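Thanks for making time. I will go through one structure, starting with the ligand and ending with the chain as a whole.

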Amino acid sequence: MKLFDVYPINPINIVKGQGSLVFDDKGTEYLDLYGGHAVISIGHTNPHYVKRLEDQLHQIGFYSNSIEIPLQKQLAEKLGHVSGKEDYQLFLCNSGAEANENALKLASFYNGKKKVIAFTKAFHGRTSLAVAATDNPKIVAPVNETGNVVFLPWNDEAALEQAFKDHEVSSVIIEGIQGVGGIQVAPVNFLQKIRSLCDEHNAVFIADSVQCGYGRTGKFFSHDFAGVNADIYSMAKGMGNGFPVGGIIISPKIAPSYGMLGTTFGGNHLACAAGLAVLEVIEKDNLMQNAAEIGDYLITELKKFDQVKEVRGRGLMIGIDLPEELANVKKDLLFKHHIFTGEAKPNVIRLLPALNLTKAHADRFLEAFTQTLNNA
Ligand SMILES: Cc1ncc(COP(=O)(O)O)c(C=O)c1O
């Protein structure tokens with residue numbers, strides 16, 4: 001049987017990882033500033049993480065949500081503590097799309113309304129409603145098309161106000177920093193405006209934190225920079241450091257009822273052990289502070305390059321916007337300097353490393369970036 005060929009892949013076989021380094025089958029070392037797409041939050045094969053998962057695997061890996069799973073309560077408590085959203089409620093699932101799907105559905109259950117407001121260049125996942133709220137017609141199948149999603153321009157308060165006049169809005173979904181959209185930081189005023197309009201119209205503010213959350217920006221949720229709370233935060237990627245875990249945290253104003261949401265795998269013992277290990281390391285090693293510090297350093301240094309059009313982002317979610325003639329930089333970094341980075345169209349390099357990236361590794365990247373630009 002062949003694989004269903006949907007990914008353009010690099011001819012590299014990574015067989016080992018340690019911290020921010022990964023190694024291929026020939027023993028070549030790579031610096032990982034991509035984190036497997038913002039997933040590796042505490043570094044590859046972090047010893048505490050490995051031990052916690054190994055210990056759990058020897059106890060029990062999975063049982064269904066029909067029994068008590070104390071690890072879920074421990075994860076909820078820890079997440080409340082580390083994120084500062086102590087009075088929120090946690091629902092666990094398996095991926096970012098599923099988290100957003102549940103968030104959008106829950107909002108509609110809550111207020112009985114149908115319209116979802118999403119924004120230009122948004123990416124919220126590939127399941128039915130999540131993809132309908134994603135601004136990329138190429139990945140929306142005819143069956144996913146719905147008249148229930150209204151796309152608005154990014155950071156346009158007047159358009160937002162008008163949309164609330166024109167529609168019975170159930171929810172507004174927004175990434176704190178658009179990832180796929182090219183590292184666009186949601187302005188603080190815009191997030192505050194969403195909060196006040198949602199309050200005024202009993203709509204639900206959904207903060208898609210799948211990529212920009214979990215401490216990556218130096219705050220637990222990047223939406224926190226606006227100083228207002230969302231009603232639902234969706235999470236995945238960094239939550240399990242590679243173990244597939246997703247979830248939403250839900251404001252106390254939204255009450256649960258039996259059967260409202262559900263999943264077979266979500267919240268299983270192994271996923272919770274992974275989630276707990278990640279939060280324990282984030283807390284113990286002050287990783288949010290490190291993300292803020294190393295991120296500030298990288299952003300400051302990157303802004304010094306004349307050839308760079310713009311540097312955007314917060315903490316360790318950084319976009320380097322390059323002119324078209326430098327379209328090869330990402331490839332050169334990978335194949336000549338052995339540094340993994342991400343990309344966003346048309347020509348943005350995305351840095352999404354582990355939150356414990358060291359200054360030495362940041363400098364190694366800056367050095368390689370300098371050489372690449374000099375030789376371009
Ligand atoms: C902001 C955002 N939301 C949702 C998703 C979907 O997550 P997943 O691929 O885990 O379904 C992604 C994935 O890239 C994302 O960046």
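This is a predicted model. Let me begin with the shell around the ligand. How do its residues divide by type? There are five nonpolar, seven polar and two charged residues in that shell. It holds 14 residues, and those that come nearest to the ligand are Ser95, Gly96, Ala97, Gly125 and Val210. As for secondary structure, helix α4, residues 96-111, gives the most to the shell, with three residues.

Next, the domains. The assignment splits the protein chain into domain 1, which is 14-45 plus 286-375, and domain 2, which is 47-284. Their C-alpha centres are 26 Å apart. In the contact between them, domain 1 supplies 24 residues and domain 2 supplies 26. On the domain 1 side, the elements giving two or more residues are α1 (35-38), α9, β13, β14 and β17. Which of these has the largest share? That is α9, with five residues. By type, the domain 1 side of the contact consists of 14 nonpolar, seven polar and three charged residues.

Since α9 has come up, a few words on that helix. Helix α9 covers residues 287-302, 16 in number, and from first C-alpha to last it reaches 22 Å, close to the 22 Å expected at 1.5 Å a residue. Which of its residues are buried? The buried set is Leu287, Met288, Asn290, Ala291, Ala292, Ile294, Gly295, Leu298 and Leu302. When reading that list, recall that an α-helix has 3.6 residues a turn, so residues three or four places apart point the same way. The partners of the buried residues of α9 are two helices, α8 (269-284) and α11 (359-375), and three strands, β13 (310-314), β14 (317-321) and β17 (348-351). Strands β13, β14 and β17 were also named for the domain 1 side of the contact.

Last, the whole chain. The protein chain has 11 helices and 17 strands. Its radius of gyration is 20 Å, and the globule rule gives 21 Å for 376 residues; the two are close, so the chain is as compact as a globular protein of that length. Along the principal axes, the C-alpha trace spans about 55 × 55 × 45 Å. Of the 376 residues, 47% count as buried. Taking contacts with a separation of 6 or more, 73% are between residues 24 or more positions apart.

That is what I have.

Methods. Residues numbered from 1 in each chain as written. Predicted model: local features only at pLDDT ≥ 70, side-chain atom pairs only at ≥ 80, totals over all residues. Helix = DSSP H or I, 4+ residues; strand = E, 2+ residues; numbered from the N terminus. Expected span 1.5 Å × (residues − 1). Buried ≥ 20, exposed ≤ 12 C-beta atoms within 10 Å, placed from the backbone. Contact = placed C-beta atoms within 7 Å. Near = placed C-beta within 6 Å. Nonpolar A, V, L, I, M, F, W, Y, C, P; charged D, E, K, R; others polar. Domains from an automatic or database assignment. Rg over C-alpha atoms; globule rule 2.2 N^0.38 Å.
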